[in-house]
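User: Could you take a close look at one part of this model for me? I'd like to start with the overall picture, then zoom in on a pair of serines and finish with the odd spots elsewhere.

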Amino acid sequence: MPLRIGELLTKAKLLTDEQLEKALEEQKQSGGRIGEHLIRLGFVTEEDILDCLSQQYGVPSINLQHFEIDESIIRLIPADVARKYQFIPVSKTGATLTVAMGDPTNVFAMDDITFITGYRVEPVVASEEALREAIDKYYGTTHAIELKKVMDDLSTVEETALEVLDEDEEEDLDITDDEAAADEAPVVRLVNLILTDALKRGASDIHVEPYEKSYRVRFRIDGVLYEIMNPPMKLRDAICSRLKILARLDIAEKRLPQDGRIKIKMKLQGKLKELDYRVSTLPTLHGEKIVLRLLDKDNLMLDMTKLGFEKSSLKNFEHCITQPYGMVLVTGPTGSGKTNTLYSALSRVNTPEVNIMTAEDPVEFQLPGINQVQMKESIGLNFAAALRSFLRQDPNIVLVGEIRDFETAEIAIKASLTGHLVLSTLHTNDAPSTINRLMNMGIEPFLVATSVNLIAAQRLIRRICTNCKEEEDAPLQALLNAGFSEAEAPEIQLYRGRGCDNCNQRGYKGRLGLFEVMTISDDIRELILSGATAIELRRKALEEGMVGLRQSGLQKIRDGVTTIEEVVRESVL
């Protein structure tokens, strides 16, 4: 069949014999279909192939990329049948169903469609690549179909499923054995699939949410929540209990929030992976909401040069974390990558000559060579208590997960003034306002001025998918509103992601940081001692060369790695 397409294109004088030979040679080396190689090499376009196929089969052609199919049409054909024969329904007129196919002479497919739908079939021809993309787009990926099959099984499950769950109390969840998994209770299989699907989609969080008349599962992917599925309401308690059993939580306690962890093993692309999920349950009006944070070591970026720092900001940050004493603070909202930045800083200074101790709630990743302590408020082990103990353990570098109160802040500042390097986080909007936040906690200005060496504020923005990145034109006013000067704006080339399988049609793949790094110079120390406002501190820091969050974002736009929308969403002028 591939050779026939090549011959057709050659006969139509759209392709030379030499070009066909080259494409066939590439096909032998890397596999795939000849049409894909011809298009990739630039010898022909998809329209050329469609015209030839249309002439060969004597039916019209269709470019599915330029065609939006109504959901009611898609529902006429089951996903497994569409995948089996590689076709997709595109429109319906009266008793006639128009179906896009790679091979319109496949009578078995035509008969099945007629039998399933009761409509007369009118075929049109489409390229195999376009068909695959359309089937994934409208029916979901193969893994999504697996989820749907489990959901179909669940529709017949009765409330007795809860009894099955209580018997399974393994400490680790091993889901590498597909045959064994097939025999498990449908609720167990569904929970396993949710956990593994989150990894395959690159999600950072899973939200399992009950409402009065609906139940939904959402994944946070690159900082944005996407609705994935809606399990039946009658399985709400069973799914909740299954997750709580895996996290070693009390399934009888439904009135109070609980926290736990799930450890699972799974095979992905032939490799055995161990994953940790941090689990949090919260009683809501219609049941317990469960949020799982996926802690995947492979996603931990410890190379500071790849986090998104500008060169001057990175130089200042690295200088301060290599000082023998003082305090370095990283600020930003929840989920802005503060922990990753601190872990990267620790990895940079982690040598056999230094004693590094951390107090975290919770310990997200285990780092070799670093003494990490998990906080346990229930027994009195909080940040302040851990810090006091640390100072008797001969540390060089101390990391405090978060400065939440006066007591923790006071001990941390005293530690930084007595020969220790202290790293910590705070929740503030930008770097200069962190100074006022510390003073609002009750810390004296002279202590803040003498102890703090550097403050880094950060946000996470989505990165344009490199696989489908393309140039984009934007109104000049949009560039000016974002913060570019009138002289620079006309010269800026913008990019966007078209959407592809690699990024699940979103146009974005991965994230990087916007950083605002404020070094506490002597002049800024004098301003702090004189009670300066955050606005005055910001003005002075910008005079001294600080790159603000918006300026950091504009640089990412200049570099072509993100979009105006992402920068405007996470920063202000």
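Analyst: **A close look at two serines, and what lies elsewhere**

The protein exposes about 28400 Å², and carbon and sulfur atoms supply 49% of that area. Accessible areas here come from the Shrake-Rupley method with a 1.4 Å probe, and for residues only the protein chains shown count as cover. Before going on, note that this is a predicted model: local features need pLDDT of at least 70, side-chain atom pairs count only at pLDDT 80 or more, and totals for chains, interfaces and linings use all residues. Residues are numbered from 1 along each chain as its sequence is written, and side-chain values use heavy atoms, with hydrogens and water left out.

Now for the overall frame. Taken along the principal axes, the C-alpha atoms fill a box of roughly 85 × 70 × 45 Å. The secondary structure comes to 24 helices and 19 strands; these are DSSP runs numbered from the N terminus, with helices being H or I of at least four residues and strands E of at least two. Of the 573 residues, 47% are buried, where buried means under 20% relative accessible area, exposed means over 50%, and partly exposed is in between (1.4 Å probe, protein chains only). If you look at contacts (heavy atoms within 4.5 Å), residues 24 or more positions apart account for 64% of those with a separation of 6 or more.

On to the serines. S424 sits in strand β15, residues 421-426, and is buried, with a relative accessible area of 0%. Setting aside neighbours within four places in sequence, S424 touches V328, L329 and V330, then L342, and also V400, G401, E402 and I403.

S416 belongs to helix α17, residues 406-417. S416 also counts as buried, at 1% relative accessibility. Again leaving out neighbours within four places, its contacts are Y325, G326, M327, V422 and S451. For a sense of scale, the C-alpha atoms of S416 and K556 are separated by 34 Å, with those positions 140 residues apart along the chain.

What about the backbone oddities? Two residues other than glycine have positive phi: Q86, near 55°, and D222, near 50°. Q86 is in the loop between α6 (79-85) and β1 (87-93), and is partly exposed at 27% relative accessible area. D222 is in the loop between β6 (215-221) and β7 (224-229), but counts as buried at 13%. There's also a cis peptide bond from D361 to P362, with omega near 0°; P362 lies in the loop between β12 (356-360) and β13 (371-374).

Last, the charges. D17, E18, E21 and E25 form a negative surface patch. Patches are made of residues with over 30% relative accessible area and no salt bridge, joining like charges within 9 Å and nonpolar side chains (Val, Leu, Ile, Met, Phe, Trp, Tyr) within 5 Å. A salt bridge is a side-chain nitrogen of Lys or Arg within 4 Å of a carboxyl oxygen of Asp or Glu. From this patch, E21 is found in helix α2 (residues 17-30) and is exposed, at 53% relative accessible area. Across the protein, the mean positions of the 68 positive and 91 negative charges are 1 Å apart. Lys and Arg count as positive and Asp and Glu as negative, with His and the chain ends not counted; each charge is placed at NZ of Lys, CZ of Arg, CG of Asp or CD of Glu.
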